[in-house]
Amino acid sequence: MNDEALLRYSRQIMLDAIDIEGQERLLAGHALVVGAGGLGSPVALYLAAAGMGRLTLADDDEVELSNLQRQIAHGMADIGRPKAESARDAGLALNPDCEIRALTSRLDGEALRAAVAQADVVLDCTDRFSSRYAVNEACRHAGVPLVSGAAIRFSGQLAVFDPRDPQSPCYACLYPPGEGGDEELRCAENGVVAPLVGLIGCFQALEAIKLVSGAGSVHRGLSTFDGLTGQWRHFKVPRDPECPVCHG
């Protein structure tokens, strides 16, 4: 790191849990962010600001006026632009030294598996169960940790699935395919309070920073947040011995 980088990241470097070594690991790290909307916006901005060396932002959607209530990486001038490109530009405005790649086509199949395999950590910021299952399977196959977030109405949740840990479950252990009654709950149909996605997205970014820098302990289990009461709850989630992804 040069003097400018030392100054930019000084407030993190002074933390014993990160220090110079952890910051250098961040600068050499690569995070794949799937979804550049409500969750992906704070994830992209905070990872860029914190010094994640490379970010790949994947989203095939375009910015709409209704997004601006909560998707803070985008502004009025971005309406009609691809979200991945808008979020990339917002991240670069914060930190031009961060290498940010925007993927504007749908990331699935072999392209998804290839993108996951190149990352040190994957952050699922999507709002569809089908996408979450696909990202989870790709991460499990590649052995790359997955930080999963969700937010709807006033309720949010976060979980970290680390296939390198033999005790860690995967997303399909938590939500077995075909058993979810609320599979298609989305903000467009059900609404979401604006700061909730920021809260969960920041939580996701924190876990990614810990995973890459080596700071602290990785989040375990499932954390849920009730925005109407301000209460957090934590649940232990064991690996499912019959999970088709973990044991398929």
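**Why these words? Q157, rings, cores and a pocket**

Me: Why is Q157 called buried?
Reply: Its relative accessible area is 17% in this predicted model. Buried means under 20%, and 17% falls under that, so Q157 counts as buried.

Me: Where along the chain does Q157 sit, and which residues does Q157 touch?
Reply: Q157 is part of strand 6, which covers residues 155-161. If you skip residues up to four places away in sequence, Q157 touches S148, G149, A150, Y175, I200, L222, S223 and T224.

Me: What makes the meeting of the Q157 and Y175 side chains a polar contact?
Reply: The two side chains come to 3.0 Å from each other. The cut-off for the N or O atoms is within 3.5 Å, so 3.0 Å passes and the pair gets the name polar contact.

Me: OK, on to the rings. How many aromatic pairs does the structure hold?
Reply: Eight. One of them is F161 with Y171.

Me: Why is the pair of F161 and Y171 called edge-to-face?
Reply: The ring centres are 6.1 Å apart and the planes meet at 90 degrees. Centres within 6.5 Å make a pair, and planes over 60 degrees apart make it edge-to-face, so both tests are met here.

Me: What makes this a link between distant parts of the chain?
Reply: F161 is in strand 6, while Y171 is in helix 8 (residues 171-174), 10 residues away. Both F161 and Y171 are buried.

Me: How do you know that F203 and W232 are edge-to-face too?
Reply: Try the check again: 5.4 Å centre to centre and 80 degrees between the planes. The limits are within 6.5 Å and over 60 degrees, so the name fits F203 and W232 as well. F203 belongs to helix 10 (residues 194-213) and W232 to strand 8 (residues 231-235), so the pair ties together parts 29 residues apart in sequence.

Me: Is W232 buried, exposed or partly exposed, and why?
Reply: W232 has a relative accessible area of 40%. Buried needs under 20% and exposed needs over 50%, so W232 lands in between and is partly exposed.

Me: Which residues form one aromatic cluster?
Reply: F129, Y133, F161, Y171 and Y175.

Me: How many residues are in the largest nonpolar core, and which element gives the most?
Reply: This core has 37 residues, and L47, L55, V121 and L123 have the most contacts inside it. Elements that give two or more residues include strand 1 (30-34), helix 4 (40-50) and strand 2 (54-58). Helix 10 gives the most, with nine residues. A second, separate core has 23 residues, among them V122, Y133, V135 and L146.

Me: Why is G53 called buried?
Reply: G53 has 13% relative accessibility. That is under the 20% cut-off, so buried is the right word. G53 lies in the loop between helix 4 and strand 2. Neighbours within four places aside, G53 is in contact with L26, L27, G29, C98 and E99.

Me: Last one: how much space is in the second largest pocket, and which residues are closest to its centre?
Reply: There's about 230 Å³ in it. Of the 15 residues lining this pocket, D165, S168, P169, R220 and G221 are closest to its centre. Strand 6 and strand 8 are the elements that give two or more residues to the lining.

Technical notes. Residues numbered from 1 in each chain as written. Predicted model: local features only at pLDDT ≥ 70, side-chain atom pairs only at ≥ 80, totals over all residues. Heavy atoms only, no water. Helix = DSSP H or I, 4+ residues; strand = E, 2+ residues; numbered from the N terminus. Buried < 20%, exposed > 50% of the residue type's maximum accessible area, 1.4 Å probe, protein only. Polar contact = N/O pair within 3.5 Å; in protein donor to acceptor, adjacent residues only side chain to side chain. Contact = heavy atoms within 4.5 Å. Phe/Tyr/Trp six-rings, centres within 6.5 Å; stacked < 30°, edge-to-face > 60°. Core = buried A, V, L, I, M, F, W, Y, C linked by side-chain atoms within 4.5 Å. 1 Å grid on protein atoms, 1.4 Å probe; cavity = no way out; pocket = protein on both sides within 12 Å on 5 of 7 lines; lining within 4 Å. Points joined across faces, edges and corners; volume = space filled by probe spheres on them.
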